[in-house]
Amino acid sequence: MSDQVDVRALARMVAGLLDDSHGSTLDDLPALACRHAAEIGVTDVQIYLADLQQQKLRRLSGEGPEAESVRHPDELRIETSLAGRVFQDVRLLPRPATDVTPGHWWVPIIDGTSRLGVLRLTTDGHPLDHDAARLFATLVALLINSMHVTSDSYFRLIRTRPMNVAAEMQWKLMPPLTFANERVTVSATLEPAYEVGGDAFDYAVSGSVLHLAVFDAMGHDIAAGLTSNLAVAACRNHRRQGAGLAENSVAIEHVLTEEFGRGLRFVTAIMADLDMDTGVLSWISRGHHPPVVIRNGRWVSVLECPPAHPMGLDVGLPVTLCREQLQPGDRLLLYTDGVTEARDASGREFGLHRFTEFVIRHHADGLPVPETLRRLMHAVLSYHHGKLHDDATVLLTEWHGKPATEG
């Protein structure tokens, strides 16, 4: 920590903000943040959160759900604004003072490795202690994550248009879009964000094992959403009881056929376990597109594995467990067909080659995994003139290898 901010002032800022957050709501956060930021020399705080598709940054006004409507007047585009550059690059950037506005700093709001938005911190010309600003932004991120689950203001703010019921159900089901530790980075994206039906992704950590899965249910409606919700819930339930991949998929199929009947509703899936210590990937295919590995930023391998039938058809094909040894730096892609089968105006598919080449090119640019996926899905949407007719999901995992400190 630099000597620009007294350690006692930092302690007062942290303790005061945490103490005042108890019993507060997300609508109270802008005022709380502004009050306690004074301890580190900040005179004004504005909180901007990324919308669901990560195209815009929208200011949290603190004035309640009606103020955070879909027609939000105070927003900045991520592609064209200085604040958006901070969001993309995850770094602090200054905005010098003008004759009209005082100078301020844009600071990314990061929860672990998940990008939530940016802060605008005004200091009236005083130097900004970057370490103190990052600590302050981390506290704000933690409070946003703890407060948003009970806030309609938050969900109105991050939505730029109305969402259908199936999508409402799917977004409630899935884990955060980004997770990282020393061994792995996991990031996901899902479109069409406001009309998604049968796609879902899941991941979880258990000791040294990272569980990964993508699901694609038949259809694109509430019934498809119910089917994939049931498949994910069943997957988690049996996994948490110790079921292996093949056994789990059979149990999921049993749940689906018990609920919907044989063959009436079905789900394709890739379900995988990655040993984060050794890099050994184990997976099964239930009628789904095979995983893809990108190695050394250029080499692409499709991981073939004999597929069993989609879960819910109950036709008795055997479930085969396959394994692959990953190398440090490998990127594993699990995806649904909405990504590769998106078509342009002439009917040409986006395709697997274009998909993997996009990831390779942006990997070479040194972009973080979440930013690569954000740009990928915007490219897919643009290719399809902004509207997809099928769900498109990508779950990208980068295995970093075992930390050197652990031998």
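Which residues does Glu 168 touch, not counting residues up to four places away in sequence? In the predicted model examined here, Glu 168 touches Arg 159 and Met 163 once residues up to four places away in sequence are left out of the count. Glu 168 is found in helix α6 and is partly exposed, with a relative accessible area of 38%. Between Glu 168 and Tyr 194, which are 26 residues apart in sequence, the C-alpha to C-alpha distance in space is 7.9 Å.

The helix that holds Glu 168, α6, spans residues 165-173, and its buried residues are Ala 166, Ala 167, Gln 170, Trp 171 and Leu 173. Because these buried residues cover an arc of only 155 degrees around the axis, they are placed on the same side of α6. An α-helix has 3.6 residues a turn, so residues three or four places apart point the same way. The face of α6 turned away from this buried side carries the exposed residues Val 165 and Lys 172, whereas the cover over the buried residues of α6 includes strands β8 and β9 together with helix α7 (222-239).

The two strands that contribute to this cover, β8 (184-191) and β9 (199-206), are joined by a loop in which Pro 192 is found. The peptide bond leading from Glu 191 to Pro 192 is cis, with omega near -5 degrees.

A comparable description applies to helix α2, which comprises residues 29-37 and whose buried residues are Leu 29, Pro 30, Leu 32, Ala 33, His 36 and Ala 37. The arc that these residues cover around the axis is only 165 degrees, which puts them on the same side of α2. The packing partners of the buried residues of α2 are helix α1 (7-21), strand β1 (44-50) and helix α4 (130-147).

Strand β1, against which α2 packs, is followed by a loop towards β2 (56-59), and Gln 54 lies in this loop between the two strands. Phi of Gln 54 is near 55 degrees, a positive value in a residue other than glycine, and with a relative accessibility of 16%, which is under the 20% limit, Gln 54 counts as buried. Val 90, although not a glycine, likewise has a positive phi, of about 55 degrees, and is found in the loop between helix α3 (82-89) and strand β4 (93-95). In contrast to the buried Gln 54, Val 90 counts as partly exposed, at 38% relative accessibility.

At the level of the whole protein, the model contains 11 helices and 17 strands. The radius of gyration is 23 Å, close to the 22 Å that the globule rule gives for 407 residues, and the protein is therefore as compact as a globular protein of that length. Taken along the principal axes, the box filled by the C-alpha atoms is roughly 70 × 50 × 45 Å. Buried residues make up 54% of the 407 residues, and among contacts with a separation of 6 or more, 67% are accounted for by residues 24 or more positions apart. The protein exposes about 17,600 Å², of which carbon and sulfur atoms supply 52%. As to charge, the protein has 37 positive and 52 negative charges, and the mean positions of the two sets are 3 Å apart.

Conventions: Residues numbered from 1 in each chain as written. Predicted model: local features only at pLDDT ≥ 70, side-chain atom pairs only at ≥ 80, totals over all residues. Heavy atoms only, no water. Helix = DSSP H or I, 4+ residues; strand = E, 2+ residues; numbered from the N terminus. Rg over C-alpha atoms; globule rule 2.2 N^0.38 Å. Buried < 20%, exposed > 50% of the residue type's maximum accessible area, 1.4 Å probe, protein only. Contact = heavy atoms within 4.5 Å. Areas by Shrake-Rupley, 256 points an atom, 1.4 Å probe, with all protein chains shown as cover. Lys, Arg positive; Asp, Glu negative; His and termini not counted. Charge placed at Lys NZ, Arg CZ, Asp CG, Glu CD. Arc of directions from axis to C-beta.
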